[in-house]
Amino acid sequence: MAHPAPETLHAAFRAALLAFAYPGRPRRAPAEAGAGAAERNARLVIAAAFDDGADPEGEGYVFVPPNVPPAALVATAPRGSEEAPQDGATIVVAAAGDPARTRVRLSGPGIDGVLETLLPLDRDTLAERALACCEPPRGVDLLVSCDDGTLVGLPRSTALEVVG
Amino acid sequence: MGEFTDVTPSLSKRELGDLARRGGRSAGYRFAYLDESAKRDVRRALLKAICIPGHQVPFASREMPVARGWGSGGLQVTLATLVAQDVVKVYDQGDDESMNAIAIRDLIRRTAGVATTTDARAATLIQTRHRIPEDALHEDQVLVFQVPIADPLRIVDARPSVTRRLHAERDYAPIWLYLYEDLARRDRSSFSHSHPVLVDGSYVMSPSPIPRHDVPRLHHAPFLALFGAGREAIVYAVPPYTRVEPVTFEDRPFETERGEAACALCGATATFLVEDDATSEHRWICSDVDHCVRTRGGR
Amino acid sequence: MGYTTVANREAAVLAAAELLASGAPADGDDELSRFVERYPLAVDQVMAEAGIVEPRVCARAFAQAQGDLARAVSLVRAWSAMLPRLAHRRTSPQDWLPLRRITPAFAEPSGGQFLGASRDYERRLLDFDDRSAARAGLASPRDGAAAAPSSAANPADGAQLPAGLPAANETLAAEGLVAECERARPDDITRATPSKTERGPFLQSLARAETGALTALAYGGIRGYGGRRDPTLVELRAGEILVRFERPDTGQPFVVGSFVATYAEVALYAVHESGETDAAFTLGTGVTPGRVERRAIASALLDAAAARAALEPDGARAPYDDREFITLTVDGQEASGFVEHLKLPHHVTFAAELERVRALRPSPFDRLRVTRG
């Protein structure tokens, strides 16, 4: 397969950046909706910001492939240090097909008031995330890519409450 | 004596293959000028910066066609962040026609083919030196600030090794002390531009040398604010809808530079004004030139 | 999802080798080559501060910048920033093909001293004879260098330098007279963000530093603005470095190019006042591409001073001994860019400051006096 065009990588990065800027709100990413879009967009983001693909050069990210429960990978991902919280991982989840979703209430940076939404992440993953982010500013940042061609961001700065 | 241990090669097979195919030469500019490793370095840092509001994230800043101290950081952020459909505004202390703004805008346009504008309402990405547009801005707009001195604690200690530790511990006593001494001695704060702000109740940040007039615009803003310091090799960010509070004692409310004058050209009383002594009379005019022109034209 | 891989690895490596050489033959007949030949030390200075060995590119930049060295370095650095990094290679000064080697610390070092091509002992008198201007410029590094065992007075003719020379500090090290110092890691500071207080990034900063800044800081340190200490140059060595690559298929080594570099080693004599540490010399090293020797000597002085200060128990640093202060000060591009950025419009920031100055005077105390009066 050919290496993606630079314009596509730019679009993928911009989508990821805005996904983290407005947590919980899906952003359109370059690969069109359909089977395989979740993984395609996830890999575009990784290629744009982390990793050349042929020889891994990037650190600081964890890729969760389709049909792999993210919880275990969230639990072991690096969280950074007090002086270098940016060493905490960006976890890119390719949530293919019809992923488990959790209804949540979100607040914090990027959110005007409170946002109630259905996140494409299961409760176990959210529990591991809460643990990983319990000593701010250390933590991990999740980016979920779905087959509808969107990205949803959940930075460590977002306060999250599971509803119901 | 300094000896070196062996290090593995750092060029990927794909990049080497590309080189071989091009016979070692590059034809013209890449899209958005930067090479892919430079873009990845900035982007990695920005993704972290946006998730840790106000925290200074180091990045491997590249040498640019624009000198260090002249916007090389803002430029790297803009080039790594833009998309082909962007409409880009670049302006400098309120002026789109400053020589440096023109040079930067020109490089962006030539290497990325994006449309450009002077109208902040139409821009999707705005690279700015030391001003926030007077216009009301909206969601999804990206503001890229050029930053000369990234660390607000520079005024209390020149050593990054010390201030890094202060930030890590969120020990901001030195800056409170600085402010206290001002108030005790002069009854007023001496912070002018670059007023230190507390972001999300956590890190103290420099909003870049914007005037105090612009600082409240950062608080709970609909737009995304990215800050690039190329010489110091640091980026930081403030997401939209984030608390940005000027460092000030409760009983000494934050004041802007507001005076009584109105713009001699457009009559505005709520914009940031600068003095104009070009004519025989001393007068005040808007720093935001494009906004002023549009106000005069009734747009 | 996959990416294209190298179809022909041999071609790739050869292309990489071609990249390392300049676009045209080094000894061409055109104006750039003549410039390199006439003003090799100006070219060396641009190359060193730009951090890349490309004589013709640096000559071109110097001309485009109308002789403004800082601007020339800007041009070259911006160009080289977008070049891919191919590999790192390890080299020891003892392996360089020697062009010059002097040891002020030792009268008769192992291997001998060789003055080489140097103008050190010429009288510094302006020569107004136009015919000599045509002969100006150091002998090219590839010309036979002169051998002068022991006495560094006049270069003898024709003597060949040995293929390698041992390090002059070997006797010191053998006797255990050298203080234990931090090893340097070869992080590429243009591609990573290592701590500026570690020795490796510090040495790389010095290798790319602005020549005047290096000299000024080293001088300030010797003058006593650092801790009191006396430096001696153990060794100054100029040599040609052959850059070797291995073919990825056969592992057979081949030379992709070469360049001249200068290496200096300084010994600091200082006995701790606390008397806790054994008396020992601290060694500092400095390297520069090209032949601008004060770059290497100043770097070695700064490295030695910082290394010595790092051994001090209380950790306080005079700026001249402080790696953090030095690395933040010596980059010519950061310094000249920021100093000159003051020419940019500052009317908004100055207006903000004017407002404060007006607001902050008179003081409340004065206002009180005025009302009463």
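Let me start with a definition. Two strands count as paired if DSSP finds at least two bridges between them. Hold on to that word, bridge. Here is one bridge to look at: C:Pro231 has C:Leu268, in strand 3 of chain C, as its bridge partner. One caution before we go on. This is a predicted model.

Let's stay with chain C and its sheet. Four strands make up an open sheet there, in the order 1-2-3-4. The pairing in that sheet is antiparallel. Which strands stand at the edges? Strand 1, residues 97-102, and strand 4 of chain C are the edge strands. Each of the two pairs on one side only. From one strand to the next, the twist averages 15 degrees.

Now the pairs inside that sheet. How many bridges join strand 2 of chain C to strand 3 of chain C? The count is 16 bridges. Strand 2 covers residues 230-246 and strand 3 covers residues 253-270, and the two run antiparallel. Find C:Arg244 on your screen. Opposite C:Arg244, in strand 3 of chain C, stands C:Val255. These two strands form a hairpin, with six residues between the strands. In that hairpin, C:Gly251 has a positive phi, near 75 degrees.

Next pair along. Ten bridges link strand 3 of chain C with strand 4, residues 280-289, again in the antiparallel sense. One of the partners here: C:Ala267 is bridged to C:Leu283 in strand 4 of chain C.

What lies across these strands? Helix 10 of chain C, residues 293-311, lies across strand 2, strand 3 and strand 4 of chain C. The helix runs at about 145 degrees to strand 4 of chain C.

On to helix against helix, still in chain C. Take helix 3, residues 40-50, and helix 4, residues 55-64. Their axes come within 9 Å and cross at roughly 100 degrees. Parallel or perpendicular? At that angle, helix 3 and helix 4 of chain C are therefore roughly perpendicular to each other. Which residues meet? From helix 3 of chain C come C:Ala42, C:Val43, C:Val46, C:Met47 and C:Ala50. From helix 4 of chain C come C:Pro55, C:Cys58, C:Ala59, C:Ala61 and C:Phe62. Sort the residues of this contact and you get ten nonpolar, no polar and no charged.

Now a second helix pair. Helix 8 of chain C, residues 199-207, packs with helix 11 of chain C, residues 323-330, at an angle of about 30 degrees. Their axes are 10 Å apart. Angles under 35 degrees count as roughly parallel. Helix 8 and helix 11 of chain C are therefore roughly parallel to each other. Their crossing is left-handed. Helix 8 of chain C brings C:Phe202, C:Ser205 and C:Leu206. Helix 11 of chain C answers with C:Arg323, C:Thr327 and C:Val330. This contact divides into three nonpolar, two polar and one charged.

Over to chain A. Here five strands form an open sheet in the order 1-7-6-3-2, and the pairing is mixed. Why do two strands lack a neighbour on one side? Strand 1, 27-28, and strand 2, 61-64, of chain A stand at the edges with a single partner strand each, so one side of each has no neighbour in the sheet. Further in, strand 3 of chain A, residues 90-95, and strand 6 of chain A, residues 141-146, run parallel and are joined by six bridges. A:Ile91 stands opposite A:Leu142 in strand 6 of chain A. Helix 2 of chain A, residues 37-49, packs on this sheet. That helix touches strand 2, strand 3, strand 6 and strand 7 of chain A, and its direction makes about 160 degrees with that of strand 3.

One backbone detail in chain A. Cis or trans? The peptide bond from A:Pro136 to A:Pro137 is cis, with omega near 10 degrees. A:Pro137 sits in the loop between helix 4, 123-132, and strand 6 of chain A.

Last stop, chain B. Chain B has seven helices and twelve strands. Its C-alpha trace spans about 65 × 50 × 35 Å along the principal axes. A compact globule of 299 residues would have a radius of gyration near 19 Å, and chain B agrees with that, at 21 Å. Finally, look at B:Gln93, in the loop between strand 2 and helix 4 of chain B. B:Gln93 is not a glycine, yet its phi is positive, near 50 degrees. That's my tour. Thank you.

Conventions: Residues numbered from 1 in each chain as written. Chains lettered and ligands numbered in written order. Predicted model: local features only at pLDDT ≥ 70, side-chain atom pairs only at ≥ 80, totals over all residues. Axes fitted to C-alpha atoms, helices over the stretch in contact; angles between N-to-C directions. Parallel < 35°, antiparallel > 145°, perpendicular 65-115°, else oblique. Left-handed = near helix turned anticlockwise from the far one by under 90°. Contact = placed C-beta atoms within 7 Å. Nonpolar A, V, L, I, M, F, W, Y, C, P; charged D, E, K, R; others polar. Rg over C-alpha atoms; globule rule 2.2 N^0.38 Å.
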